[in-house]
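This report describes the open and enclosed spaces of one protein chain and the way its domains meet. Please keep the sequence and the structure at hand while reading.

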Amino acid sequence: MLKGKIALVTGSTSGIGLGMAQALAAQGATLITNGFGDADTARQAIVTAAAKAGHASAQVGYHGADMSRANEIEAMMQYAESEFGGVDILVNNAGIQHVAEIQDFPTDKWDAIIAINLTSAFHTTRLALPGMRTRNWGRIINIASVHGLVGSTGKSAYVAAKHGIVGLTKVTALENAQTGVTANAICPGFVLTPLVQKQVDDRAARDKLSGDEAKRSLLGEKQPSGEFVTPEQLGALAVFLCSDAAAQVRGAAWNMDGGWVAQ
């Protein structure tokens with residue numbers, strides 16, 4: 001379905017981003033990965049996913065841009081243009097987390113979370129849009145969070161950034177509404193990524209729980225299904241948003257959260 005398309009997924013050496021990259025590669029897309037994890041292991045996982053789906057010659061590039069730095073983001077987008085001819089599918093996924101109440105929140109952590117979780121998506125989007133508009137086809141998928149729709153204590157910077165991502169998505173969609181470029185946000189609930197695993201570990205240590213007990217405790221507070229959302233499920237939603245069937249899905253904030261915001 002996506003053969004001939006170039007997909008850039010930020011923060012894609014693990015977790016949700018890697019799941020997105022695998023799902024897009026399985027549809028025939030060429031991938032550009034990014035992140036501070038093991039790029040070679042991620043590349044092999046993407047190539048394997050593509051091969052299983054019948055795309056034996058999958059291309060996977062990598063750029064190690066620090067998503068908190070505008071000049072490195074610009075270099076990554078230039079790499080995509082010079083090596084692959086541009087970006088057709090942009091998945092803004094890179095993110096970090098820190099938990100503290102507002103009066104105790106370190107200002108450097110605030111700045112870093114806003115830069116990586118929100119401002120980086122502005123930079124990649126502004127640089128990808130001209131080529132997408134010229135080709136009259138593009139898909140921008142911003143990985144927001146259920147925290148782009150509701151709040152939680154201790155997560156002021158993350159919630160602010162994710163609400164911002166939802167707003168940026170809507171404006172991007174409206175500005176391109178009469179073109180072949182769409183923009184949408186995916187808002188996951190708890191996914192067992194390294195960020196969430198740290199919350200599980202912290203809870204286990206604080207409350208003297210086993211790993212499984214800590215997971216059940218965390219999910220029980222927010223996610224009625226009692227199950228984690230998986231990167232594979234999120235990847236399948238991204239594939240749908242890239243399809244012709246989703247051509248009129250524009251500016252959506254699509255929650256996949258086990259019932260979290262239905263409460």
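Helix α4 is the element that gives the most to the lining of the largest cavity, supplying four residues. The model in which this cavity is found is a predicted one, and the count of cavities of 30 Å³ or more comes to one. About 50 Å³ of space lies within the largest cavity, and its lining is made up of Asn92, Asn93, Ala94, Ile116, Asn117, Ser120, Ala121, Ile143, Lys162 and Ile165. Two helices, α4 (107-135) and α5 (156-175), each provide at least two of these lining residues. Sorted by class, the lining of the largest cavity holds five nonpolar, four polar and one charged residues.

**The two domains**

The domain assignment divides the chain into domain 1, which comprises 6-191 + 229-256, and domain 2, which comprises 192-228. Taken over C-alpha atoms, the centres of domain 1 and domain 2 are 25 Å apart. Where the domains meet, 15 residues of domain 1 are in contact with 12 residues of domain 2. The size of an interface is often given as the accessible area lost when the parts come together. For domain 1 and domain 2 the buried area is about 960 Å², and carbon and sulfur atoms give 62% of that area. On the side of domain 1, the residues that lose the most area to domain 2 are Phe190, Val191 and Val229, which together account for 59% of what that side buries. Zero salt bridges are found by the rule across the interface of domain 1 and domain 2.

**The pockets**

The table sets out the two pockets by volume and by the classes of their lining residues.

| Pocket | Volume | Nonpolar | Polar | Charged |
|---|---|---|---|---|
| Largest pocket | about 790 Å³ | 18 residues | 17 residues | three residues |
| Second largest pocket | about 510 Å³ | five residues | seven residues | seven residues |

Which residues of the second largest pocket lie closest to its centre? They are Val99, Lys155, Gln199, Asp202 and Arg203, out of the 19 residues that line the second largest pocket. The elements that contribute two or more residues to this lining are α6 and α7 (211-222), and α6 gives the most, with seven residues. Because domain 1 (6-191 + 229-256) and domain 2 (192-228) both give residues to the lining of the second largest pocket, this pocket lies between them.

The largest pocket, for its part, is lined by 38 residues, and those nearest its centre are Asn93, Ala94, Gly95, Ile96 and Leu195. Its lining draws at least two residues from each of the helices α1 (15-26), α4, α5 and α6 (194-207), and among the elements it is α6 that gives the most, with four residues. In terms of domains, at least three residues of the lining of the largest pocket come from each of domain 1 (6-191 + 229-256) and domain 2 (192-228).

Some names recur when these descriptions are read side by side. Asn93 and Ala94 are listed in the lining of the largest cavity, and Asn93 and Ala94 are also among the residues nearest the centre of the largest pocket. Helix α6 gives the most to the lining of the largest pocket, and α6 likewise gives the most to the lining of the second largest pocket.

Notes:
Residues are numbered from 1 along each chain as its sequence is written. This is a predicted model: local features need pLDDT of at least 70, side-chain atom pairs count only at pLDDT 80 or more; totals for chains, interfaces and linings use all residues. Side-chain values use heavy atoms; hydrogens and water are left out. On a 1 Å grid over the protein atoms alone, a cavity is a set of points where a 1.4 Å probe fits but cannot get out, and a pocket is an open set with protein on both sides within 12 Å along at least five of seven lines; lining residues have an atom within 4 Å of a point. Grid points are joined across faces, edges and corners, and a volume is the space filled by probe spheres set on the points. Ala, Val, Leu, Ile, Met, Phe, Trp, Tyr, Cys and Pro count as nonpolar, Asp, Glu, Lys and Arg as charged, and the others, Gly among them, as polar. Domain bounds come from an automatic or database domain assignment. Contact means heavy atoms within 4.5 Å. Buried area is the accessible area (1.4 Å probe) that two parts lose on being put together, summed over both. A salt bridge is a side-chain nitrogen of Lys or Arg within 4 Å of a carboxyl oxygen of Asp or Glu.
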